[in-house]
Amino acid sequence: GDYLGTCIYGEIESKLEKLLDEIEKDKTRAENLERELQKARLEREEYKNLVISIGDTIPDMMWAKSTDGKYIYANNGILKGLFYSIDYRNIIGRTDIELAGICKNLVGPENHTFGEICGNSDVIVLDKLKKERFLEWGLINGKEMYLEVYKAPLFDSNGTIVGTVGTGRDVTDWYLSIKKAVLNTGECGKCDKKLLAVILQE
């Protein structure tokens, strides 16, 4: 009986040792995974800060939107140029139409129209799934603004379309001077032929 008890006890003890060993290994694996997770989070935060820093350094407007047109990123250029320096947190998650409504409340409905007539360009990019160039315009604080806009599809790591990215450059002064020349002479010399077509359609 004592011998049998000793054997059974020994087997149990052996199982316990193996379980404790596995627990220790799992603990080590968990600690390693936690370190990898923290490293990945740090790299993500550093990359996010890099993108934000680059975006806020350049004078042009930069943004990204989801497939349903809601902003997921906006740099200082667009915050100041189109949205009257509205807090960044009030931009994210809203569409151009929603933001146009906020801007109208700030400066008056007759003084802001930008964002109401430019939404279809997102649809074009999402439909064609390639980079496109546009001339977009509207009223900002009662004054005409013309933007040269480049938009491109945004894909995730699996190649699935998740939105659009864009840049915008204020070309108002240049555009209006070209437009004046076109209206006076019917041509614009060496200016962009696509731009000329847009002017002649107005």
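Q: Exposed means over 50% relative accessible area; why, then, is Ser85 called exposed?
A: In this predicted model, Ser85 has a relative accessible area of 53%, and because the label exposed applies over 50%, this residue qualifies. Ser85 sits in the loop between helix 2 and helix 3, and its phi is positive, about 60°, although the residue is not a glycine.

Q: What makes Leu129 partly exposed?
A: The relative accessible area of Leu129 is 42%, and since partly exposed covers the values between the 20% limit for buried and the 50% limit for exposed, that label applies. Leu129 belongs to the loop between helix 5 and strand 3, and although not a glycine, Leu129 has a positive phi, of about 55°.

Q: How do you know that Asp96 is buried, and not exposed?
A: Its relative accessibility is 14%, and buried means under 20%, so Asp96 is placed in that class. Asp96 lies in helix 4, which spans residues 96-107. Leaving aside neighbours within four places in sequence, Asp96 is in contact with Lys65, Gly69, Tyr71, Phe83, Gly115 and Asp122.

Q: What joins the side chains of Asp96 and Lys65?
A: A polar contact of 2.5 Å joins them, and because such a contact requires a suitable pair of N or O atoms within 3.5 Å, the distance meets the cut-off.

Q: Why do Lys65 and Asp122 count as a salt bridge, and what does the pair tie together?
A: The N to O distance between the two side chains is 2.9 Å, and since a salt bridge requires a Lys or Arg side-chain nitrogen within 4 Å of an Asp or Glu carboxyl oxygen, the pair satisfies the criterion. Lys65 belongs to strand 1 and Asp122 to helix 5 (residues 120-128), so the pair ties together parts that are 57 residues apart in sequence. Lys65 has a relative accessible area of 2% and Asp122 one of 9%, and because buried means under 20%, both partners are buried.

Q: What makes Glu136 and Lys151 a salt bridge, and where do the two residues lie?
A: Their closest N and O atoms are 3.5 Å apart, and as the limit is 4 Å, the pair is accepted. Glu136 is in strand 3 and Lys151 in strand 4, 15 residues apart, so that the pair links distant parts of the chain. Both of these residues are buried. Glu136 and Lys151 also belong, together with Lys65, Asp96 and Asp122, to a network of salt bridges.

Q: Why are Asp21 and Lys25 separated by about one helical turn?
A: The two residues are four residues apart in helix 1, which means that about one helical turn separates them. Their side chains meet in a salt bridge at 3.5 Å, N to O, one of 12 in the structure. Asp21 has a relative accessible area of 38% and Lys25 one of 40%, and because these values lie between the limits of 20% and 50%, both residues are partly exposed.

Q: How do you know that Leu50 may belong to a surface patch?
A: Leu50 has a relative accessible area of 45%, and since patch members must have over 30%, Leu50 passes that test. The nonpolar patch that Leu50 makes with Tyr47, Val51, Ile54 and Ile58 covers about 440 Å², and Leu50 itself is part of helix 1 (residues 2-57).

Q: Which residues touch the most other members of the largest nonpolar core?
A: They are Tyr71, Ile78, Leu82, Phe83 and Ile91, out of 19 residues in this core, and because core membership requires burial, these five are buried. Strand 4 gives the largest share, three residues. Ile78 touches Met61, Met62, Trp63, Tyr71 and Phe83, not counting residues up to four places away in sequence.

Q: Why is Arg94 called partly exposed?
A: Arg94 has 31% relative accessibility, and because this value lies between 20% and 50%, the residue is neither buried nor exposed. Arg94 is found in the loop between helix 3 (88-91) and helix 4, where its side chain reaches the backbone oxygen of Asn90 at 2.7 Å. The C-alpha atoms of Arg94 and Lys70 are separated by 4.8 Å, although the two residues are 24 apart along the chain.

Notes: Residues numbered from 1 in each chain as written. Predicted model: local features only at pLDDT ≥ 70, side-chain atom pairs only at ≥ 80, totals over all residues. Heavy atoms only, no water. Buried < 20%, exposed > 50% of the residue type's maximum accessible area, 1.4 Å probe, protein only. Polar contact = N/O pair within 3.5 Å; in protein donor to acceptor, adjacent residues only side chain to side chain. Contact = heavy atoms within 4.5 Å. Core = buried A, V, L, I, M, F, W, Y, C linked by side-chain atoms within 4.5 Å. Patch = residues over 30% accessible without salt bridge, like charges linked within 9 Å, V, L, I, M, F, W, Y side chains within 5 Å. Areas by Shrake-Rupley, 256 points an atom, 1.4 Å probe, with all protein chains shown as cover.
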